[in-house]
Amino acid sequence: MFDTVLIANRGEVALRVQRACRTLGLRTVAVHSAADRDAPHVRHADIALWIGPAAARRSYLDQAAILFAAEVSGAGAIHPGYGFLSENADFAERVEAAGRVFIGPSPESIRTLGNKIAARRAMRDAGVPCVPGSDAALPDDADLLGELADRIGYPVILKAAGGGGGRGMRVVRDGSGLADALALTREEARQAFCNADVYLEKFLLHPRHVEIQVLADQHGQVVWLGSRDCSLQRRHQKVLEEAPAPGIAAETIQAIGTRCVAACRRIGYRGVGTFEFLVEDGAFCFIEMNTRLQVEHCVTEMTTGIDLVQQQIRVARGERLALAQDAIRQRGHAFECRINAEDPETFAPAPGRITGWELPGGPGVRVDSHAGAGTVVSPYYDSLIAKLVVHGDTRAEALARLRVALDEMRVGGIETNLDLHRRIVRDPDFEAGGVDIHHLEHRLAQERGA
Ligand code: ADP
């Protein structure tokens with residue numbers, strides 16, 4: 001089995017994956033763009049290879065360059081991190097065809113679950129509850145379309161089968177705008193995702209975003225590792241996450257977790273994965289599955305005590321899961337704040353050189369970051385500069401620690417969303433727990449009006 005892992009990513013996740021590899025005694029290969037020459041994971045790597053200029057298309061998304069780097073460095077496996085090539089079935093296939101291990105699910109799983117219509121069908125067949133909606137790509141025939149939407153009931157949301165990153169969705173309030181909305185969404189989907197298939201779901205008005213983490217080995221053993229709540233979002237982008245999802249009965253979560261495990265067995269899933277649900281009035285409705293490590297995996301690690309990345313690498317090596325479901329517990333509570341380099345007013349990315357960097361500490365505090373004083377935040381990539389993760393025995397204790405940690409943290413030289421996080425953790429509704437996916441935007445609108 002492999003002893004060297006090429007990390008096809010950058011930023012905090014490249015460092016996170018590298019730490020897991022090194023604790024397992026594996027050698028690491030960093031591939032980096034011209035902008036990331038001085039990144040910590042590049043410095044710590046056994047081998048560092050320059051693969052192209054700053055633009056991701058010509059470096060972190062350049063499949064041929066990455067495959068060539070794996071060949072010359074003798075890396076037996078490639079870890080894609082999140083984003084970039086992590087959910088690209090063609091890339092996973094090319095890695096396997098080159099005789100290397102793709103640290104992730106099979107290309108077939110990535111392909112099926114990356115198509116939201118196919119994923120819905122697979123979940124429905126496996127007994128996982130889905131948002132009411134269409135089970136096939138929508139027809140252009142206006143009568144058929146109208147009938148379908150009437151049956152589901154307005155408002156509905158049109159979604160691109162190949163969509164992602166919060167794009168390719170359009171809400172329709174009544175029948176009059178349906179056909180035009182479909183034509184627009186279809187055209188956008190064709191251009192953005194090279195797939196013109198669009199489907200329809202009931203648009204839920206006040207849902208929470210709750211997800212279930214799973215982990216599967218190659219021998220049919222699957223476990224679920226509790227819940228996370230990611231309802232604090234702006235423009236469908238997660239801002240702050242927590243685990244477990246507050247205020248949901250343990251039996252309800254348990255029932256859903258068990259269904260997710262059954263679904264994984266049925267589709268022969270391997271590696272880490274996340275089932276995303278919208279939860280309204282106590283009902284769980286599947287929306288999509290992410291076939292990779294997620295940014296917010298740390299809150300699951302803090303509450304279960306399990307190193308998810310290490311587990312991910314172990315199962316990719318063909319090891320059997322050493323975790324038994326009844327021994328997995330979520331202990332206490334954890335929060336994660338995504339600290340971004342961004343303008344506090346416009347939320348636009350705010351790249352630049354970091355001149356001051358003071359990190360919080362104390363019991364239960366973890367900061368995952370590739371940044372520090374002197375780091376240049378590049379305009380070419382995601383604006384995430386750090387993940388502040390805090391654990392406590394109870395939600396109240398974790399929240400109290402988070403407030404202190406956010407007050408201690410200082411980033412100089414660039415603008416960040418630290419202040420936004422400081423306001424969120426003092427919001428009485430957030431403190432009570434269980435806010436819906438619109439809460440943050442409503443709060444921001446109120447602030448602007450004040
Ligand atoms: P993406 O793959 O682009 O992230 P998702 O299907 O996960 O798309 O949906 C992203 C977000 O869009 C959800 O977290 C939720 O805020 C909103 N959303 C998606 N489907 C619905 C729905 N049926 N009703 C209400 N909101 C929805």
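1. Let me start with the helix pair. In this predicted model, helix H7 (residues 142-152) packs against helix H8 (residues 178-193) at an angle of about 100°, and their axes are 10 Å apart. Angles of 65 to 115 degrees count as roughly perpendicular, so H7 and H8 are roughly perpendicular to each other.

2. If you would like to look at the residues behind that packing, H7 brings Leu145, Gly146 and Ala149 to the contact, while H8 brings Leu178, Ala179 and Leu182. Sorted by class, the contact of H7 with H8 has five nonpolar residues, one polar residue and no charged residues.

3. Next, the loop that follows H7. Proline 155 sits in the loop between H7 and S6, and the peptide bond joining tyrosine 154 to proline 155 is cis, with omega about -5°. Strand S6 (156-160) turns up again below, as one of the strands that supply at least two residues of the shell around the ligand.

4. The loop between H8 and S8 also has a backbone detail for you to check. Cysteine 194 lies in this loop, and its phi is near 55°, a positive value in a residue other than glycine.

5. Another cis peptide bond runs from alanine 243 to proline 244, where omega is near -10°. Proline 244 belongs to the loop between strand S11 (237-243) and helix H9 (250-267).

6. Now to the ligand. There are 21 residues around the ligand, and those that come nearest are Lys116, Lys159, Gly166, Lys202 and Glu288. By class, the shell holds eight nonpolar, six polar and seven charged residues. Strands S6 (156-160), S8 (198-202), S12 (271-280) and S13 (283-290) each contribute at least two residues to the shell.

7. Which atoms of the protein lie at 2.9 Å, 3.1 Å and 2.5 Å from oxygen atoms of the ligand? For lysine 116, a polar side-chain atom is 2.9 Å from a ligand oxygen. With glycine 165, a backbone N or O atom is 3.1 Å from an oxygen atom of the ligand. For glycine 166, a backbone N or O atom lies 2.5 Å from a ligand oxygen. As for cover, the ligand taken alone exposes 550 Å², and the protein buries 95% of that.

8. For your own look at the model, here are some places to start. Around the ligand, try Lys116 and Gly166, which are among the residues that come nearest. Along the backbone, try the cis bond between tyrosine 154 and proline 155, then the positive phi of cysteine 194.

Definitions and conventions: Residues numbered from 1 in each chain as written. Predicted model: local features only at pLDDT ≥ 70, side-chain atom pairs only at ≥ 80, totals over all residues. Heavy atoms only, no water. Near = heavy atom within 4 Å. Polar contact = N/O pair within 3.5 Å; in protein donor to acceptor, adjacent residues only side chain to side chain. Areas by Shrake-Rupley, 256 points an atom, 1.4 Å probe, with all protein chains shown as cover. Helix = DSSP H or I, 4+ residues; strand = E, 2+ residues; numbered from the N terminus. Nonpolar A, V, L, I, M, F, W, Y, C, P; charged D, E, K, R; others polar. Axes fitted to C-alpha atoms, helices over the stretch in contact; angles between N-to-C directions. Parallel < 35°, antiparallel > 145°, perpendicular 65-115°, else oblique. Contact = heavy atoms within 4.5 Å.
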